[in-house]
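Here is a short briefing for a first look. Keep the sequence and the 3D view open while you read.

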Amino acid sequence: MYRKQIVCWSFAVILAITSTFVMPIQQYAKSTGSNTWKKSVTVMQGKKKTVKLKKVKKKVKWKVIKGKNKIKICKKSGKYKNKIVIRGKKAGKAMIQAKEGKRTHKIKVIVKPKQPIAPTTKQIPTIETQTKVQETTSEAAIEKYATVTFDCGGLAETETRKFKIGEPYGEFSEPQVDSYVFNGWHTEYYGGHLVKETDICTGDVTLYAWLTHLGGAVDEEQKTYWIDELGNIY
């Protein structure tokens, strides 16, 4: 009988020791999971972005550990300072570190460049062009309205609108094309000059969208530019 009691007490002691060492390890492993923490964020140059860490129980310490000239931590808030606001200073890549107690998490920050404006060239209209514009104006003046066609070179649907002759065009529509930056409507697809919303409508005309491709091949004829993810222009 005494032998059975000794065995029972030994088993109880072993169980108590196992619970003491194993349970905290399991709880810590569960609490250190980073599935609720973002691995990377993107912010535009000159703009701000809010980063928030969830399910924190201790005060969070933030630090820029890479690319200090690319981003800046502007504001910290929250009960545990688990929310910050970062501002993109310069295009490129940076990294911030968040430390909560013993666990540390690194977040990659990508700063995208501002959208550049492609240079425009203004050409002096030839005599033939002036004569054609005058003839078109004379014919359209009878109806007092001109037809303006907006051509995107096949990247977006061609649009046709009516504008009153002798008055400013007013508001132009802006085509939305993925991976391209819109740089205004021009009188020619290769060359020509920029037509503004304040310009006077003189007659029927086709306007061509100038689009700068963000990455990819260079359009040598239109003289557009290739821009990489860091904003370098070639």
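**Strand pairing and surface charge**

Strand β8 (residues 145-151) runs parallel to strand β12 (residues 205-213), and 4 bridges link the pair. The model is predicted. The points below start with β12, move on to two open sheets, and end with a charged patch.

**Pairs around β12**

- Within the pairing of β8 and β12, F150 faces L207 of β12.
- Strand β10 (residues 180-186) also pairs with β12, through 5 bridges.
- The sense of the β10 and β12 pairing is antiparallel, whereas β8 and β12 pair in the parallel sense.
- H186 is placed opposite Y208, a residue of β12.

**The sheet of 4 strands**

- One open sheet holds 4 strands, in the order β1-β7-β6-β3.
- Its pairing is mixed.
- Its edges are β1 (40-44) and β3 (60-66), and each of these strands pairs on one side only.
- On average, neighbouring strands of this sheet are turned by 30° against each other, direction ignored.
- Edge strand β3 is joined to strand β6 (residues 92-100) by 6 bridges, in the antiparallel sense.
- K61 has K99 of β6 as its bridge partner.

**The sheet of 3 strands**

- Another open sheet has 3 strands, ordered β2-β5-β4.
- Here the pairing is antiparallel.
- β2 and β4 (71-77) are the edge strands, each with pairing on one side only.
- From one strand to the next, the twist averages 25°.
- β4 and strand β5 (residues 83-88) run antiparallel and share 6 bridges.
- K76 has I84 of β5 as its bridge partner.
- In a regular strand, side chains alternate between the two faces of the sheet.

**The positive patch**

- Which residues form the positive surface patch? They are K38, K48, K49, K52, K54, K55, K75 and K83.
- Which strand gives the largest share of this patch? Strand β2 (residues 48-52) does, with 3 residues.
- K52, one of the patch residues, lies in strand β2.
- β2 therefore has two roles to look for: an edge strand of the sheet of 3 strands, and the source of the largest share of the patch.

Technical notes: Residues are numbered from 1 along each chain as its sequence is written. This is a predicted model: local features need pLDDT of at least 70, side-chain atom pairs count only at pLDDT 80 or more; totals for chains, interfaces and linings use all residues. Side-chain values use heavy atoms; hydrogens and water are left out. Patches are made of residues with over 30% relative accessible area and no salt bridge: like charges are joined within 9 Å, nonpolar side chains (Val, Leu, Ile, Met, Phe, Trp, Tyr) within 5 Å. Accessible areas come from the Shrake-Rupley method with a 1.4 Å probe; for residues, only the protein chains shown count as cover. A salt bridge is a side-chain nitrogen of Lys or Arg within 4 Å of a carboxyl oxygen of Asp or Glu. Lys and Arg count as positive and Asp and Glu as negative; His and the chain ends are not counted. The place of a charge is taken as NZ of Lys, CZ of Arg, CG of Asp or CD of Glu. Two strands pair if DSSP finds at least two bridges between them. Axes are lines fitted to C-alpha atoms, for helices over the stretch in contact, and angles run from 0 to 180 degrees between N-to-C directions.
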